[in-house]
Each structure stands twice: as C-alpha cells, then as structure tokens.
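Biologist: I'd like to go through this one with you and ask where each label comes from.

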Amino acid sequence: MPDPLAARLRLLRGALQRRAGEDQEEGREPEPAAAGTAVETGLRGWERVGELTYRRVSSFENPLAGEEISEHLLPRGLSAGDLLFFDTETTGLSGGAGTLVFLIALGRLAGERLEVEQLFLADYPGELEFLRLSPALQSAGQFVSYNGRTFDAPILAGRFTMNRLSLEPRGHSDLLYWARRLWKRALGDCSLGSIEREVLGVERGQDVAGFEVPGIYLEYLRRGWSPRLPLVWEHNLQDVRSLASLYARLNRVLGRGEALERTDLASLGSWLLAAGGAERGRELLRQSFAGGDERAGRALGLHLKRAGRWEEAAEVWRALAARRPSLFAAVELAKHAEHRLRDPHQALAWVQSAQAWGLPLAARTRRELDSRRARLERKAQARK
C-alpha cells in the first residue's frame with residue numbers, strides 16, 4: 001500500500017514548485033523551505049506532531065481576566081480553567097458517519113491569556129492519531145461552543161466512538177441559546193457572524209463562509225494545496241476567540257447586571273426569575289415594560305400574582321389595559337376583582353369592556369368570556 005503521507009508530500013511539493021514559478025514570473029523572491037518541516041508542505045507556522053497531524057498554538061488576551069464568573073454560566077465546582085472553548089471544521093455540514101473533523105480549535109483560559117490550540121488533519125488515514133492528540137477534549141470540565149451541542153459535539157462523539165475512543169465532558173454550555181434569548185428579537189439572525197458584528201463589534205477581514213469550508217479541504221486533498229486553506233485556519237481560530245469574548249460579555253450581563261443595547265430585557269428578566277434572581281428579574285421586566293414591551297408587562301404581572309403581590313400585579317394589568325385593548329389584562333383584572341376584591345360589579349365591567357373592544361377572538365375564548373359574563377351577572381344581581 002503506498003504511503004499516504006509521501007503521496008501528500010509529492011502533491012504539496014508540486015504545488016509549491018508551481019507557486020515558486022509564479023513568484024519568479026511576478027518578480028517575487030520565493031520563500032525558503034526547510035526540508036522535512038511543516039513549511040515544506042505549505043503548513044507555515046504549524047508543528048508536525050504526528051504522521052498526518054499538525055499543531056499550532058496562538059495566544060491572546062483573556063477577556064475574562066480578573067472576573068468572577070456568574071453561577072448562571074459556570075456550574076458549581078468548576079473554575080475558569082475548566083472551560084474549553086471549541087470549534088470544529090468538518091468535511092460536511094449535515095453530519096452523518098461520512099463526515100470527518102479535519103480541524104479543531106481548543107481555547108483555554110490561563111491567567112491573563114487565552115491559549116488556543118489548533119490541530120489539523122492532513123489526510124483521512126490519520127484520524128485516529130488526530131483524535132488521540134486532542135487530550136484537552138478529554139480533560140475538559142465544561143465545553144463551550146456556538147451551535148456545538150447539535151453539530152460539533154455529536155460529530156466529535158461519533159468520530160471518537162468509531163475509532164473506539166471515548167469522549168465524556170462533564171458539561172456543555174452552548175452560547176447559541178443565550179444569543180437567541182437575548183438578541184433574536186432585535187437582530188433576527190443569530191449566526192455567530194451576526195453576533196460578532198452587532199454585539200461584540202468584531203468585523204472579520206478576509207474570511208470564508210462556513211458552507212465553503214468542506215470544498216476547500218477537499219480541494220486541498222485532491223491537489224495537495226488550496227490557496228484558501230489558510231483562511232479556513234483563521235476562520236476556525238476567530239470562532240474560538242469570539243466564543244471567549246461572547247462568554248465574557250454574557251458574564252457581565254448575568255453577573256454584573258449590565259444591560260446591553262438591543263438586549264431582550266423581557267426574555268432575560270423572565271429567565272432570571274426562573275433561575276432564582278427575582279429582584280434583578282423584576283427590575284429588568286419593569287425597565288422593559290416602561291420601554292413599551294407588553295411581553296414584559298405580562299410576565300411581570302403573572303410573577304407578582306404568583307408571589308401574592310396582588311395590588312402590584314393589578315397595577316401592571318391596569319397599565320397594560322390603558323396602553324391599548326388587552327384581553328389578557330382585562331381577564332386578569334376581572335379575576336382579581338371577583339376573587340380577591342369580592343366585587344362582581346367591577347369584574348363584570350372588565351369583561352364587558354373586553355367584549356366591547358371587538359378583538360378577534362377564537363371560538364373557545366369567546367365562549368369562556370360569555371360564561372364568565374353570565375356568572376358575574378348572576379353574582380352582581382345577587383348583590384343588589
């Protein structure tokens with residue numbers, strides 16, 4: 001059986017010779033390449049760590065340096081050093097047994113620095129070696145990804161299983177869910193690129209679209225080189241840097257209570273109420289409601305009702321009804337008047353108002369209103 005690495009090197013040497021010829025035609029000096037190194041194969045800046053596996057490490061400023069991480073983001077018993085920010089590039093975008101991971105970036109927080117290790121698979125036969133050379137995957141306390149829970153992690157787990165290896169992280173935090181909760185209403189598009197531009201203020205320079213990545217790698221395998229392959233490496237690296245930056249931004253929102261521009265305060269406030277942050281949750285809902293978000297008013301009123309703060313809840317419902325006809329507010333106020341205030345006349349007035357507004361109602365809702373009105377009319381008549 002021919003040596004796959006030797007074949008790959010022959011292709012790469014041919015590609016580099018053609019590139020050197022182009023350099024000479026254009027008057028450029030060709031870059032020297034040391035024999036037997038990653039430079040010879042076009043993998044400048046990469047260290048060969050296996051027969052078909054290459055590695056490089058990049059270091060950046062830690063966006064979480066000196067910050068205490070919110071309990072809403074980091075499970076108890078874990079520290080910042082247990083976080084593993086990761087992103088993969090694969091040979092396909094739909095998963096399945098035939099999809100391989102050929103590039104992975106693994107980011108760890110180390111003091112003042114964010115250290116990002118990238119591993120590159122130069123050809124399919126090296127997959128087992130490639131996976132074994134990713135010890136950080138095995139030691140991670142908490143995976144952090146963007147859409148990785150439904151794509152990257154299942155593909156990685158499948159490749160580990162097919163190679164008779166195990167992959168069992170203790171936890172997984174997918175920041176896509178946070179992005180949708182906080183910014184989907186304002187942005188609509190919650191792709192990582194959109195979040196980078198609109199939330200993090202990151203503008204990528206020359207880049208590749210995700211759907212182009214498999215084709216670029218396949219071109220590399222066929223021809224021995226693709227001029228766009230370095231863009232894939234940088235795309236993968238930037239994804240992990242953005243993950244760490246987004247994690248830090250979320251930490252300031254959840255830990256310090258910073259309310260960022262265009263953040264869905266109603267959604268965040270509701271989540272905090274459910275997670276035990278009642279005071280901060282109520283504050284955000286009031287702020288959002290004051291800004292005109294009716295969803296926040298509905299959520300705040302129901303929370304106050306469940307907490308037994310009836311008059312505060314009624315005040316919110318009255319404000320809702322005053323803004324524009326609100327069946328929800330009218331029904332809640334009718335319930336409050338009937339059951340808490342024991343005032344069927346006031347309750348009946350709210351039901352009559354709701355019916356007079358002429359709102360489009362489902363048949364079931366209309367029947368329920370008619371039934372409530374009939375009951376309240378009987379109670380009001382009995383009070384005379």
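What follows is a chat about how the labels on this structure are earned.

Modeller: Keep in mind that this is a predicted model. The protein has 15 helices and seven strands, and of its 384 residues, 48% count as buried.

Biologist: Let's start small. Why is Ser194 called buried?

Modeller: Buried means under 20% relative accessible area. Ser194 comes to 4%, so it counts as buried. Ser194 is part of helix α6, which covers residues 192-200.

Biologist: And what does Ser194 touch, leaving out residues up to four places away in sequence?

Modeller: Leu187, Asp189 and Val199. A touch here needs heavy atoms within 4.5 Å.

Biologist: On to the sheet. In what order do the seven strands come?

Modeller: The order is β1-β2-β5-β4-β3-β6-β7, in an open sheet with mixed pairing. What makes β1 (47-48) and β7 (172-174) edge strands is that each pairs on one side only.

Biologist: How do you know that β1 and β2 count as a pair?

Modeller: Two strands pair if there are at least two bridges between them. β1 and β2 have two bridges, in the antiparallel sense, so the pair meets the cut-off of at least two. Arg48 stands opposite Tyr54 in β2, and the two strands form a hairpin with four residues between them.

Biologist: What about β2 and β5, in which sense do they pair and over how many bridges?

Modeller: Strand β2 (residues 53-61) and strand β5 (residues 113-121) are antiparallel, with nine bridges. Against a cut-off of at least two bridges, that counts as a pair. Val57 stands opposite Glu117 in β5, while Arg56 stands opposite Gln118 in β5.

Biologist: Which strands does helix α8 lie across?

Modeller: Helix α8 (residues 229-256) lies across β2, β3 (83-90), β4 (101-110), β5 and β6 (142-145). The angle between α8 and β3 is about 150 degrees, on a scale that runs from 0 to 180 degrees between N-to-C directions.

Biologist: Now charges. What makes Glu212 and Arg228 a salt bridge?

Modeller: The rule asks for a side-chain nitrogen of Lys or Arg within 4 Å of a carboxyl oxygen of Asp or Glu. Glu212 and Arg228 come to 3.0 Å, N to O, so the pair passes the 4 Å limit. Glu212 sits in the loop between α6 and α7 (213-223), Arg228 in the loop between α7 and α8, and they are 16 residues apart.

Biologist: Why are Glu212 and Arg228 called partly exposed?

Modeller: Partly exposed lies between buried, under 20%, and exposed, over 50%. Glu212 has 24% relative accessibility, so it lands in that middle class. Arg228 has 30%, so it lands there as well.

Biologist: How do you know that Glu294 and Arg324 meet in a salt bridge?

Modeller: Their N to O distance is 2.9 Å, so the pair is within the 4 Å limit. Glu294 lies in helix α11 (residues 294-306) and Arg324 in the loop between α12 (310-323) and α13 (327-340), so the bridge ties together parts that are 30 residues apart in sequence. At 25%, Glu294 counts as partly exposed.

Biologist: Then there's Glu338 with Arg375. Are these two buried, or partly exposed?

Modeller: One of each. Glu338 has a relative accessible area of 4%, so it is buried, whereas Arg375 has 27%, so it is partly exposed. Their side chains meet in a salt bridge at 3.0 Å, N to O. Glu338 belongs to helix α13 and Arg375 to helix α15 (residues 363-383), 37 residues apart.

Biologist: How many salt bridges does that rule give?

Modeller: The count comes to 25 salt bridges.

Biologist: Last topic: what is the volume of the largest pocket?

Modeller: About 710 Å³. It has 31 lining residues, and the closest to its centre are Asp87, Leu192, Gly210, His235 and Asp239.

Biologist: What makes a residue part of the lining?

Modeller: It needs an atom within 4 Å of a point of the pocket. β3, α5 (175-187), α6 and α8 each supply at least two such residues. The largest share, five residues, comes from β3.

Technical notes: Residues are numbered from 1 along each chain as its sequence is written. This is a predicted model: local features need pLDDT of at least 70, side-chain atom pairs count only at pLDDT 80 or more; totals for chains, interfaces and linings use all residues. Side-chain values use heavy atoms; hydrogens and water are left out. Buried means under 20% relative accessible area, exposed over 50%, partly exposed in between (1.4 Å probe, protein chains only). On a 1 Å grid over the protein atoms alone, a cavity is a set of points where a 1.4 Å probe fits but cannot get out, and a pocket is an open set with protein on both sides within 12 Å along at least five of seven lines; lining residues have an atom within 4 Å of a point. Grid points are joined across faces, edges and corners, and a volume is the space filled by probe spheres set on the points.
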